Every structure is written in C-alpha cells, then in structure tokens.
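Biologist: I am new to this structure. Could you walk me through it?

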Amino acid sequence: MENKTIARTLRLLSQLMELHEENPFKIKSVANAYFKIDKLPFALKDKPVDEIDQVDGIGKSLAAKIIELLATGELQELNTILQQTPEGVVEMLGIKGIGPKKILIIWRTLGIETIGELYYACNENRLIEAKGFGLKTQEEIKNAIEFKLAANGRFLFAQVEAFTKNLQAQISEWLINVDNHSLMGVAGQFRRSCEIIDELEFVIGAEHVEEVQKNLESFEPLSLIAGEDAFITTTETGLRIKIFVVDKTEFYLEWFKLTGNPEHVAKVLELAGDGPFSNEQEIYSRAGLAFIEPELREDFDEIELAKENKLPVLITYDDLKGSLHNHSTWSDGIHTLEQMAVYCKDVLNLQYLGICDHSKTAVYAKGLNEQCVFGQQQEIDELNKKLAPFKIFKGIESDILTDGSLDYSDDVLKTFDFVVASVHSNLRMDEAKATSRLLKAIENPYTTILGHPTGRLLLSRAGYQIDYKKIIDACAANNVVIEINANPLRLDLDWRWHRYALEKGVLLSVNPDAHRTEGFHDMKYGILVARKGGLSADKCLNAFSLEEIATFFDNKKFRV
C-alpha cells in the first residue's frame, strides 16, 4: 500500500470522525498524520513495523492503524464508522466547498442524505435557511454538484437545452456563409426529448459536402475532430457532440435514422424502403403509417398505433389551463402566495393555481400545522375575491407516513379542495413495503393526486422500488390522479409507465412543484415527457378548464 492510499484513508477517517463529533484532539491527530504521511520522502511499507511509531507525527495509536492497513488492506475503525454513515453523506465529502461541519448540518439538521437531495434542496433555496449557509455558499455547492454530475458525461435535458439551441443557431448562421442552401437539424436523444442526454447529434444536409466538411474543423464555437462517420468533440463540461454531414438529397433519411431509437428506425425503413425522401412525413406515408412525432420514436407501441391511425394527439404546453402542486412562503417557497397567483394569472395567462405547501410532518420545509392551514385558507379566500375570475384552489402536499397514512386528521383533510399525497421520508423500503405504503395512501378517500410516485432524482437517486401495475391499478380504482412531476430533476412518473396508466383510465397531471415563480416554467419539461408517454390534453387534469377542474374536485369530495 502506497503512502498516498494510507494518507487518504486517514483523511477519510478524520472527516468521518468530525462528522460524528468525536474527540476533537483525536480528530486533529489523525488529520495531521494525513498531511505528514502524504509528504514523507520514503514508503511506510518499506519501514520496519517497530519503527513506524518513531516517524514524525505518528505515535503508537496511529502506528497501530497504519500497521493494520499495511497488513490487511483495511481499517476496522473506518469500516465501523462507514456503517453508521449513509453512503450519500460519505459521497458529499468529495464535493468541493463543503467540509464535515457543513455536511453535519446538511445531514442532521436538514435531513439530507444524498447528493441528489442536496442538489434539489439548492434548487429549492432551502440551504440558506441553515446556520452557516448563505446564498453564495448555496450557489457554490450547486455548481460543484453540477460539475461532479457532468464528470460522468450524462446531463439532464434541462441542463443542455439552452446550450443546444444556441449551438444550433450558431451552426445555422455559419452555414449561411459556407453552404447557403444546406439543411440542418438536431437529432438523437435531444430531439426525442429524452430526460437524460448522453450526447448531442446534429445532421447537416449539404449541397457541397466537401466544402462543409473542410470548414467544420475551423468552426470556432467547437474544437471538432473528423471521425470515421462524423465530426466529434467533447465540451469542457464533458458533453459529447457529433455533427454528421451528408448530401442534401439524403438529409431527411439520415435525420430520421439518427432521431429514432434503432429498433423504431429499422421497423419503419423495412416498410418504407431506402428513399430518397423529400421530408420525414414521406418516410412514414411510404411505410403506410401515420406520422409519428419524434418523442414517440422509442419502439413501444407507436408503430402499431400508426398502422391503425390511432396515435394520440399529443398534449402541448398551450393546452395547460392551470398549475397544480406549488409552494409559497407559507412553507419553503421563495415567493408569497399572492406573487405566485399573480404570476400565473398575468404572466402565464392561466385560469387557476393549486397551492400545495408542505404538511406538518415536513418540519425541514416549514410544514404547516393546523393553525397555519387555517391562516393560509383565510388568505386564499381574500385573494380569490381580489383576483376573480382567476382562482386559487386550497391544496396541501400531505406527507405519506411510514404506515401509509396521511399526516392530518380527516377533519383537516376535508377543508382542502384537493390533496397531493407524497413520500418524503424513509425511502429505503423494499418493494413490497413501499408498494403497500402507497396503496394505503391511494385508498385514503381524501387523496386526489399521488405526488412524484417513486421519489427519484435523476442522475443522483434511484426512486424507491414499487409495483407500478399495482399502484396504477389502485389509482384507477380509487379515482386518484398520478402526477408527472415536471421538475427536471424528477420527471416522475416515468414516461415509460404513462401508457399503462392511460390505458387504465387514470388521469395524469403535469405539476411543476414550483417553489418560486420561475419554477412554473418547468411545466414545459413535464409536457415533453408527457408527450413521450403519449398523453393527450383530455387526459391531463390541469388541461381542464377552471369550470371542469372545479367540478372534478367537487365530485371527488362529494364521493367522500
């Protein structure tokens, strides 16, 4: 074992000891040994065992640890303390800018145990409420996490959206001077609106292919290298980019090939032939199919539906009439209830707002006790008089407790127009227990919407395992809507289960989970994955008009 490995092990031990608030003198001793060992001019493994405690900065206690490491390759004391620490908390120690003291507050005070939860908390502005954290620190932590996630070469759609559209505009402008009559489009995962982007793909259909290829290597925004079939590069942030150049007559065929997943492409071209094609619509018409939108080209059942002309008319952002599941300063939001409502009414031209601040169990998010619920509902009554015909619906995001019950009595739950039931704690249940927990919440007659059903945080926390079919079937049986949480970190319910829910007659709702006015715009990401899942406007709760959704809520309460 090399000195650096020994030093890093001792450093981790000192950090974890500090995290668990052990003896500060002992912590300092182990930390000092880390610095000393890292700079030793000789290898400890070559030192006689009985001389290790004589090395400057290493006493008998530390020597025993080093000897154990050299003999066994591990340290029992470290293993013990690791078992007492959530894996995600240990990962946080690798984030630049936060040490054990801050991580202790994040873990113990805020109840955050993974990097994904920490990133989500930064987006919700929750860190600045904790002692020792300010807006600058929060932003630095957020940037450090983004850098760490990007190192894996995978990105959220929302993270690359602006860059992609800007690069597309730059390529288009550049092409005007190089090949004025060329065609160009974004393909691949981005065009299919995938929630995770591994690489960006662009296709250029050129009249003068060699001229475009010759000039691409000097295209200033990127440092492109000619590969076997495309020009490739990786940005400083780790995003891979490919640019394909083909003859203009082949553009639509290549654009089609590089957009859909391989199975979809192969099945369509088997029916359509090799072209040439004047546009993508012609590819599908020659195959005897209705046109299939890019988002649907995932080889689910879209080809069978296209053969029978039964493809859904996919929902658009403009179909939305209101926004449900949002937070205000009554709990952990940034803007007041009135500011959130006015933004929906005057900026977004929506008909209604559903406010769903956190319930009393969510103490980390300033959840509302019964008295606060009453106070908020009084404010809503006053604002509804002021903002009419715009309406604020009285909602709550009620925590689903470990046993599946909601955290208010029926007397409180019946005062709300609607209830979003969500899990925020104890996320490590096995599939059977997690499913049972959700089933009980769904069967509660006051549950209107099942919020972010799996609790996943993309690229950072897998959702808890559930039996999707049982959950969706229960929602169908109990007239419970399932949320598509539009926060780009969540996008939960996963689009791969939208079809099954729709087949069972379950309504979906594209909810931004907004904690500030800007958060409402996340609904566009929810719409993108809703389209992938085949959602149409008539099956989306918040595409209902004000009158329709008021009737829906009233009918639900009437049945109770």
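Modeller: Start with one bridge: Ile449 has Val481 in E13 as its bridge partner. This is a predicted model, where local features need pLDDT of at least 70, side-chain atom pairs count only at pLDDT 80 or more, and totals for chains, interfaces and linings use all residues. Residues are numbered from 1 along each chain as its sequence is written, and side-chain values use heavy atoms, without hydrogens and water.

Biologist: What makes strand E12 and strand E13 a pair?

Modeller: Strand E12 (residues 449-450) and strand E13 (residues 481-485) share two bridges, in the parallel sense. Pairing takes at least two DSSP bridges, so they qualify. Strands are DSSP E runs of at least two residues, helices H or I runs of at least four.

Biologist: Why is the sheet called open?

Modeller: Seven strands, paired in parallel, run in the order E8-E9-E10-E11-E12-E13-E14. Strands E8 (322-326) and E14 (508-511) each have a single partner strand, so one side of each has no neighbour in the sheet.

Biologist: How many cavities of 30 Å³ or more are there?

Modeller: Two. A cavity is a set of points on a 1 Å grid where a 1.4 Å probe fits but cannot get out; lining residues have an atom within 4 Å of a point. The largest holds about 60 Å³, the space filled by probe spheres on its points.

Biologist: Which element gives the largest share of that lining?

Modeller: H22, with three residues. The lining of the largest cavity includes Tyr525, Leu528 and Val529. By class it has eight nonpolar, one polar and one charged residues.

Terms used: 1 Å grid on protein atoms, 1.4 Å probe; cavity = no way out; pocket = protein on both sides within 12 Å on 5 of 7 lines; lining within 4 Å. Nonpolar A, V, L, I, M, F, W, Y, C, P; charged D, E, K, R; others polar.
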